[in-house]
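Thank you all for coming; I would like to walk you through one structure this morning, taking it piece by piece. Please have the sequence and the model open while I speak.

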Amino acid sequence: MENNTTFLTDDLKRFGIMTEDNQFSKKLSQQEVYNFLKGGVLIAENDQNRLTFKIAEDKLSVNAYNKDWVSHKDLSSAELMEVSSKNANLYKVMADYGTITHIGKSHFNNNPENEITLFVEVENERGKTRFFGNKLEESLKNFKIGDRVQITQTGIEKATLHANIEGEIKEITRYDNLFIIRHFDEKNKEFQSRLFELDTKDKTIKDIDTTKYELQTVNGHTLSEKQLQLLRKGKEVKLDDETTIQLSPKADNEKNLSASVKVLLITSLALDGGITFLIIKGIQKLAKMQEENRKQHESKKYLTELQKLKSFLQSKAEQYPDNKQIIADLNIVGKEISNVQGKVSETQNQEKNDDTVRLKVGDPDLFEDANQKKEEKRRNEEDSRKSTSFSRGR
């Protein structure tokens, strides 16, 4: 019978998780080791891959994922795994205050494929917020459920392990969130939130601060406080039956205004004096619209919004003449207006031609006139024959 435990120990040593004296690496926290031994996933990375380690049936299971993006100074290994594997945005609260309601362990973001991580949950007037990170164990030593606290993430801690990979010693690293937890003070309360998203074009993780994001209207629609909260968290917000918008950190890298009205990008002013511009991605759900007049109506609506946007940017350009980004946005919008105007004119000309054709082939008045002329011609011919026959009879 094979000794799986021995094989397991050898594998753990090979990847630097255990040392030669059969001790777990001091680079790993006690919480990380505990979760790992209980079947949780341990995440690390090298220059080429992001690696996941898991113990199953006394064997070490190792999976490698292509890592073609850089790490982020404010994201843990679990958060990096979430952003990359799901290719979706990640809303993260960087600082918040409230009453501790829960301290426990869970797969990060309730994703069973991600690692088991310690978390603390606080509740205030905005609702509940969870902070994930194995380093919380040290920060929570002097706190318990029911305490009022201020929690602030101060960055990440990098741990470097030395692994024997294919006979070569290589470094593998993992990242964990670092926190400061102190008793709550009304005078020093702090809240900060950010939105992270993987940009596959330049292989980086983009982020924006959504703490004070307070856009009031989009496409003529006034946003409610609930819709604003959803936008801050990177969720889709439905404005009407045809338009859905979503805040996108990477959209600033994809400034493409489309005249097809299937994609609509609206540039919006952030609350920093007009220096920074964010891009909000809107999706027009028009797949089933077949009528030409409906399409023309949507094009005109799109053109109206672009013209409003142009006026808005022009006013900001006058206010901040040295801001090259505003000028660049203004040029993009100007070109898009020209494109849309051309397509609207083309559609109108086509409709005029279609109306002319329809009039020729289906106009009831023309049809009736043609029948009358045909009947008159038949009568004239008949009268002519009768006249000829009468002359011959005489």
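Let me begin with threonine 52, which is buried, because its relative accessible area is 6% and the cut-off for buried is under 20%. I should say at once that what we are looking at is a predicted model. Threonine 52 is found in strand E2, which covers residues 49–56. Leaving aside residues up to four places away in sequence, threonine 52 touches Val41, Leu42 and Ile43, then Ser61, Val62, Asn63 and Tyr65, and also Met81.

That last contact takes us to helix H3, since Met81 is among the buried residues of H3. The helix is mostly covered, with 8 of its 10 residues buried. Besides Met81, the buried residues of H3 are Ser77, Ala78, Glu79, Leu80, Glu82, Val83 and Ser84. After H3 comes asparagine 87, which has a positive phi, near 50°.

For helix H2, residues 30–37, the buried residues are Gln31, Glu32, Val33, Asn35 and Phe36. Just after H2 sits glycine 39, and here too phi is positive, at about 100°.

Let me stay with Glu79 of H3 for a moment and turn to the salt bridges, of which a search of the whole structure finds 16. In one of them, the side chain of glutamate 79 meets that of lysine 92, at 2.8 Å from N to O. This pair links distant parts of the chain, with glutamate 79 in helix H3 and lysine 92 in strand E4, 13 residues apart. Both lysine 92 and glutamate 79 are buried.

Another salt bridge joins the side chains of glutamate 115 and arginine 174, at 3.5 Å from N to O. Here again distant parts of the chain are linked, for glutamate 115 lies in the loop between E4 and E5 while arginine 174 lies in strand E8, 59 residues away. Are these two partners buried or exposed? Glutamate 115 counts as buried because its relative accessibility is 3%, and arginine 174 is buried as well, because its relative accessible area is 2%.

The third pair I want to show is arginine 232 and glutamate 225, whose side chains meet in a salt bridge of 3.4 Å, N to O. In this pair arginine 232 counts as buried, at 12% relative accessibility, whereas glutamate 225 is partly exposed, with a relative accessible area of 46%. Elsewhere, salt bridges with shared partners join Lys73, Asp74, Arg194 and Asp207 into one network.

Finally, let us look at the largest pocket, which holds about 930 Å³ of space. Its lining is made up of 38 residues, and those that lie nearest its centre are Tyr91, Lys92, Val93, Thr129 and Lys233. The elements giving two or more residues to this lining are helix H3, strands E4, E5, E6 and E8, and helix H5. Which element gives the most to the lining? Strand E6 does, with 6 residues. When the lining residues are divided by type, 10 are nonpolar, 13 are polar and 15 are charged.

If you take one residue away from this talk, let it be lysine 92, which meets glutamate 79 in a salt bridge and is also named among the residues nearest the centre of the largest pocket.

Methods:
Residues numbered from 1 in each chain as written. Predicted model: local features only at pLDDT ≥ 70, side-chain atom pairs only at ≥ 80, totals over all residues. Heavy atoms only, no water. Buried < 20%, exposed > 50% of the residue type's maximum accessible area, 1.4 Å probe, protein only. Helix = DSSP H or I, 4+ residues; strand = E, 2+ residues; numbered from the N terminus. 1 Å grid on protein atoms, 1.4 Å probe; cavity = no way out; pocket = protein on both sides within 12 Å on 5 of 7 lines; lining within 4 Å. Points joined across faces, edges and corners; volume = space filled by probe spheres on them. Nonpolar A, V, L, I, M, F, W, Y, C, P; charged D, E, K, R; others polar. Salt bridge = Lys/Arg side-chain N within 4 Å of Asp/Glu carboxyl O. Contact = heavy atoms within 4.5 Å.
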